[in-house]
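This report describes two parts of one molecular model, a ligand site and a sheet with its helices. The sequence and structure are shown first.

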Amino acid sequence: MSPERTEIRALDPETVDKIAAGEVVERPASVVKELVENSLDAGATGITVAVGSGGRDRIRVADDGVGMNEGSVRKAVEQHTTSKLRDVADLERGVSTLGFRGEALYTIGAVSRLAITTKPRGSETGTKLVLAGGEVESVEPAGCPEGTAVEVTDLFYNTPARKKYLKREATEFDHVNTVVTRYALANPGVRFALEHDGREVFSTTGQGDLQATVLSVYGREVARAMVPIEGLAAGPLEGLSGYVSDPETTRSSPAYVSTYVNGRYVRSKPIRSAVVGAYGTQLAPDRYPFAVLDLDVSPGTVDVNVHPRKMEVRFGDGEAIEAQIEKTVRETLLDHGLIRSSAPRG
Ligand code: ADP
Ligand code: MG
């Protein structure tokens, strides 16, 4: 760095906003994640995600949740506005909602054209609010169903450098699909539908049955290859539930090993390795099984540290949990005759 560049200056608010927006909204899939989380927090029983051109042109998330009145929707798009948290005391008591920072709608609005159509449950009229580049363009009464539909078009139209980093439509859509699948599997009691360029990619029944949800999102062949986790090896976890596939039904990407802690998606390499380790040498190298696993962690017994944005998790007792998962999954596979009892990979 040249000496002239060492002077420390405060960034102007617009630059600060764009940097912050870049952290929340990296690509269409991150928009989908935030909007789906808002729908779940709003108590939706049905959520439809429709994207155009991999989400580069258009993203629409519609729900039948609590909806918003005109005053609320105006506030919702401002910075640091949330209905989910009041103060530090709330934060210390623990937040049960997926969101609470009050920044998603604001940041998405700052880098796109955003339209929100919403009507509170039991209300006569709805509201449509339109934003472009963070500026409110219009707020009008609208006829619409109860719930909320958020439509994001022209993502990154005003941040061309970021737009350049978007990948091909198919790649962006893969990421969107992964996100919606993840939430659908975590919420079998919610009806999810995913559409791409007008075609339905999958839809779930919302009847609360995980096996039926697996069938809806992964198809018949994969669902047939999956068996329910049974039993629980000794260890810190209170429970482990879900489904794992036989060692032949695999993919080259680890994206189909979905892990949750108390119903909340987490990304954890050690947990994934524990699942893969359960198959021993009977899994081909660089192949990953299908797995949907929920770790039942009682707050008192295990120290969990979840990174809110990255969805990463760290346990005080990591190795014991990994061993417990590996053993439980291996015993399930053995019980179903899906692997032979040979020495584990190691
Ligand atoms: P956060 O989710 O952290 O509160 P957001 O910017 O995502 O922040 O949303 C701001 C507020 O807008 C939420 O707290 C909620 O009150 C309202 N909101 C957003 N999406 C919806 C929705 N789909 N249904 C009802 N209310 C919503
Ligand atoms: Mg939110």
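Two residues are in contact if their C-beta atoms, placed from the backbone, lie within 7 Å. With that term in hand, the packing of helices on strands can be described for this predicted model.

**Helices on the sheet**

Helix α10 (residues 269–278) lies across two strands, β12 (257–261) and β15 (291–296). Helix α11 (residues 318–335), in turn, lies across β9 and β10. The table gives the angle of each helix to one strand.

| Helix | Residues | Lies across | Angle |
|---|---|---|---|
| α10 | 269–278 | β12 and β15 | about 125° to β12 |
| α11 | 318–335 | β9 and β10 | about 50° to β10 |

**The sheet**

The strands crossed by these helices belong to an open sheet of 5 strands, in the order β9-β10-β15-β12-β13, with mixed pairing. At its edges are β9 (226–228) and β13 (264–266), each of which pairs on one side only. On average, neighbouring strands of this sheet are turned by 25° against each other, direction ignored.

The pairing of β9 can be followed in detail. Strand β10 (residues 239–245) runs antiparallel to β9, and 3 bridges join the two. Pro228 has Tyr243 of β10 as its bridge partner.

**The ligand site**

How many residues surround ligand 1? The shell consists of 23 residues, and the closest are Asn38, Ala76, Thr82, Gly99 and Ala104. The elements that give two or more residues to this shell are α2 (28–41) and α5 (104–110). By class, the shell contains 8 nonpolar, 10 polar and 5 charged residues.

Terms used: Residues are numbered from 1 along each chain as its sequence is written. Chains are lettered from A and ligands numbered from 1 in the order in which they are written. This is a predicted model: local features need pLDDT of at least 70, side-chain atom pairs count only at pLDDT 80 or more; totals for chains, interfaces and linings use all residues. A residue is near a molecule or strand if its C-beta atom, placed from the backbone, lies within 6 Å of it. Helices (H or I, at least four residues) and strands (E, at least two) are DSSP runs, numbered from the N terminus. Ala, Val, Leu, Ile, Met, Phe, Trp, Tyr, Cys and Pro count as nonpolar, Asp, Glu, Lys and Arg as charged, and the others, Gly among them, as polar. Two strands pair if DSSP finds at least two bridges between them. Axes are lines fitted to C-alpha atoms, for helices over the stretch in contact, and angles run from 0 to 180 degrees between N-to-C directions.
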